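Subject: A structure for you to explore

Hi,

Here is the structure I promised to pass on to you. Have a look at it first, and then read my notes below with the model open beside them.

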Amino acid sequence: MDIVVCVKHVPQVSEAEVRVTSDGRDIDRSGLVFDINEWDDYALEEALRIREERGGTVTVITVGGEESDETLRKCLAKGADNAVRITDPRINLWNPMVVARVLAAAISKLQYDLILAGAQSSDDGYGAVGPALAGFLGIPHATIVKKVELRDGSVLVQRELEGGLEERLKIKLPALLSIQTGINEPRYVSIMGVRRAMRRPIKTMSLDELGLSPSEIEDESSWIMVKELYAPPVERRAEIIEGNPEEIASKIVEILKSRGIL
Amino acid sequence: MSEIAVLVEHRLGEIRDITFEMLAKANQLAEKSGYRTTAIMIGKGVEDLAGKLKGYCDRLLLVEDESMKFFVSDAYQKVLEDIVRERRPRLLLIGHTSYGLELAPSLAASLNIPLITGCTDITLDEGVEVVRPVYGGKLLARVEVNYPGTVILTLSQGVVKPFNPGKETEIIRKSVDVGEPGSKVFLEYVMPEESEVDISSADVIVAVGRGIQDKSNIPQAEELAKALGGVLACSRPIVDKGWLPQDRQVGSSGKTVKPKLYLALGISGAFQHIQGMKDSQLIIAVNKDPNAPIFNVAHYGVVEDLFRIVPVLIEKVREARGGG
Ligand SMILES: Cc1cc2nc3c(=O)[nH]c(=O)nc-3n(C[C@H](O)[C@H](O)[C@H](O)COP(=O)(O)OP(=O)(O)OC[C@H]3O[C@@H](n4cnc5c(N)ncnc54)[C@H](O)[C@@H]3O)c2cc1C
Ligand SMILES: Nc1ncnc2c1ncn2[C@@H]1O[C@H](COP(=O)(O)O)[C@@H](O)[C@H]1O
């Protein structure tokens, strides 16, 4: 079983301060730590487990700048067989349809039975690139997948709906699945793995090599323009309770008393 | 190009809230720009259900076929491809839901048109502009769509207040040729397991997120919940790690809660979490990051390490209770 996993190199922002650049259209990357998108880590793990059980190969692929090699190397260190990166300044990473089209062009040149993506990227949060990619390749897909069972020529998946409800679908292979967190427990990188990965090649591809017209990609890229990034308006900001822990705890108790909760 | 189309989302014989939210947004936009609103309902045996949409749109396209008894995105996709090509709506609104995310991206790919997901606001003048959260809700992005044809947008749940504008709704039945059964088949629903503790009926909830850091810290939070006479709940990563059972998860893929007190400890406030708790009567959040998005929905915030607050709070709460 040959599996392709789409991975994205993203900033870890949950505890960091995210500053907007002076033109208001991007974030200031300096000082931010980047890593594999959380959902993609689960997708890679699922791919590695399937390969360990059934043989075959795992290829990781990304659309992004040279800095994304760090994430590709991490995937190689975890056990991926091949890594591919597509770079071109004309690709607008904020346009999920363009990213999906570029991935589709690259993946159509590879051998695959299954494509895995993450359910969403933590930075843009579209949740769109995986299923859009399936649309471009003309293969069936399932999103937000919590369980994967391979059968001959097909795959049984369990995907999340809302409120704890899930559904089971049967899909013909080759197919694309977008993977939800919690499906497995991603492995850690071993020191040995890191050493091995250092020497492994990362294949880079340009739009020309993919047979994509750069001007078309540029055109389609311009469909979507981020005009401004800004912090949510302050009207709804919480009233901050100040003080040392003793004082804060006392104030919380006062609030709870005044509301009849205590 | 004189209409705004909305895909009706329904499941298990119910029209889902997001449908009325999308219709409200569509009607608001239509009023300003002189567009008409068209709801598209796809399914089987849903005529009665469709009646509930009367007044909410100018037209209702009803597409029924045995193959559409359950939501399967490729069958829906075929129907919508035809409708979009034929009617060329300016906007097609789809829910930012599990069904919506299964459908909208591959539909946009096959029609080769733009898509923006997870919109919390939409404006329509000459162009289309949306607002949506990025970076886990820490920032909002104002995004412009430069495209003259149909644009597909998915609308986030719970951001628009539904209303019935009392329109004269014309119902149009549309037949379809679905062709071969697809390469994707619906098998069954899997219902959530019976809950041991029902967090959705609790008055007081203490909820922990990834900030709780380790399984061994869970009992501390549980102790606080007990002291407050409430129950312990959590964000998704805590369930993913197996530290608490699924029935304790708050959010879009977990439970929706509306307690008198929701005390969030080390939860960042991603929109999927907020969807499940934003209507709580009193929300207090403890997070060491002053810019955590949870502070945008909380009434009170504490910018501190939760481990410095929780032990003291347990003591003070016990004192207050013990003291009468
Ligand atoms: C389809 C889909 C459905 C989803 N459904 C849900 C859902 O139902 N419920 C849900 O919760 N999520 C859901 N998610 C996941 C969601 O997107 C977020 O990933 C998740 O809510 C993040 O959880 P968190 O806030 O606990 O973790 P993080 O985002 O990692 O935040 C941890 C927070 O803890 C703070 N912190 C760390 N240490 C401390 C400390 N010592 N003291 C105080 N604060 C500290 C940090 O500043 C940070 O703000 C869903 C995602 C998808 C794609
Ligand atoms: N630039 C990219 N390169 C490779 N894969 C990507 C890229 N962007 C998104 N993806 C994949 O698509 C998934 C969903 O991303 P998104 O639609 O951006 O939320 C991610 O989890 C990745 O698997």
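In this predicted model, a polar atom in the side chain of Gln213(B) sits 3.4 Å from a nitrogen atom of ligand 1. Two further polar pairs involve the backbone instead. An oxygen atom of ligand 1 is 2.8 Å from a polar backbone atom of Arg210(B), and another pairing puts a backbone N or O atom of Gly266(B) 3.1 Å from an oxygen atom of ligand 1. On its own, ligand 1 would expose 990 Å², and the protein buries 94% of that.

Where does ligand 1 lie? Look between chains A and B, and you will find it there. There are 32 residues around ligand 1, and those that come nearest are Ser235(B), Val250(B), Ser253(B), Ser268(B) and Gln272(B). Sorted by class, this shell holds 17 polar, eight nonpolar and seven charged residues. Three helices of chain B each supply at least two residues of the shell: helix 6 (236-240), helix 7 (271-274) and helix 8 (306-322).

Now turn to ligand 2. Of the 22 residues around ligand 2, the nearest are Cys6(A), Asp40(A), Ser121(A), Asp124(A) and Gly127(A). Asp40(A) has a side-chain N or O atom 2.4 Å from an oxygen atom of ligand 2. The backbone takes part here as well: a backbone N or O atom of Gly127(A) lies 2.7 Å from an oxygen atom of ligand 2, and a polar backbone atom of Tyr126(A) is 3.2 Å from an oxygen atom of ligand 2. Alone, ligand 2 has 480 Å² of accessible area, of which the protein covers 99%.

Next, the two chains together. How many residues does each chain bring to the contact? Chain A gives 85 residues and chain B gives 88 residues. Between them the chains bury about 7,500 Å², with 57% of it on carbon and sulfur atoms. On the side of chain A, Glu162(A), Trp223(A) and Arg237(A) supply 10% of the area buried against chain B, more than any other three residues.

A good residue to click on at this point is Thr143(A), which belongs to strand 7 (residues 141-151) of chain A. Beyond its neighbours in sequence (up to four places away), Thr143(A) is in contact with residues of both chains: Pro131(A), Arg159(A) and Ser178(A), as well as Ser98(B), Leu101(B) and Glu102(B). Is Thr143(A) buried or exposed? Its relative accessibility is 1%, so Thr143(A) counts as buried, the cut-off for buried being under 20%.

For the overall build of chain B, expect eight helices and 18 strands. Its C-alpha atoms fill a box of roughly 70 × 40 × 35 Å along the principal axes. Of the 324 residues in chain B, 61% are buried. Looking at contacts in chain B with a separation of 6 or more, 64% are between residues 24 or more positions apart.

Thr37(B) gives you an example of residues meeting across the sequence. Thr37(B) lies in strand 4 (residues 36-43) of chain B, and with 0% relative accessibility it counts as buried. Thr37(B) and Glu3(B) are 34 residues apart in sequence, but their C-alpha atoms are 5.5 Å apart in space. Leaving out residues up to four places away in sequence, Thr37(B) touches several others, among them Ile4(B), Tyr56(B), Cys57(B) and Lys167(B).

Finally, some backbone details. Most residues other than glycine have a negative phi, and most peptide bonds are trans. Which peptide bond is cis, with omega near -5°? That is the bond from Leu173(A) to Pro174(A), and Pro174(A) is in the loop between strand 9 (166-172) and strand 10 (175-179) of chain A.

Two residues that are not glycine have a positive phi: Arg88(B), at about 45°, and Tyr135(B), at about 50°. Arg88(B) is in the loop between helix 3 (73-87) and strand 6 (91-95) of chain B, while Tyr135(B) is in the loop between strand 9 (128-134) and strand 10 (139-145) of chain B. Arg88(B) is partly exposed, with a relative accessible area of 45%, whereas Tyr135(B) counts as buried at 3% relative accessibility.

Enjoy exploring, and write back with any questions!

Best wishes

Notes. Residues are numbered from 1 along each chain as its sequence is written. Chains are lettered from A and ligands numbered from 1 in the order in which they are written. This is a predicted model: local features need pLDDT of at least 70, side-chain atom pairs count only at pLDDT 80 or more; totals for chains, interfaces and linings use all residues. Side-chain values use heavy atoms; hydrogens and water are left out. Helices (H or I, at least four residues) and strands (E, at least two) are DSSP runs, numbered from the N terminus. Buried means under 20% relative accessible area, exposed over 50%, partly exposed in between (1.4 Å probe, protein chains only). Contact means heavy atoms within 4.5 Å. A residue is near a molecule or strand if one of its heavy atoms lies within 4 Å of it. A polar contact is a pair of N or O atoms within 3.5 Å; within protein, one must be able to donate a hydrogen and the other to accept it, and residues adjacent in sequence count only if both atoms are side-chain atoms. Accessible areas come from the Shrake-Rupley method with a 1.4 Å probe; for residues, only the protein chains shown count as cover. Ala, Val, Leu, Ile, Met, Phe, Trp, Tyr, Cys and Pro count as nonpolar, Asp, Glu, Lys and Arg as charged, and the others, Gly among them, as polar. Buried area is the accessible area (1.4 Å probe) that two parts lose on being put together, summed over both.
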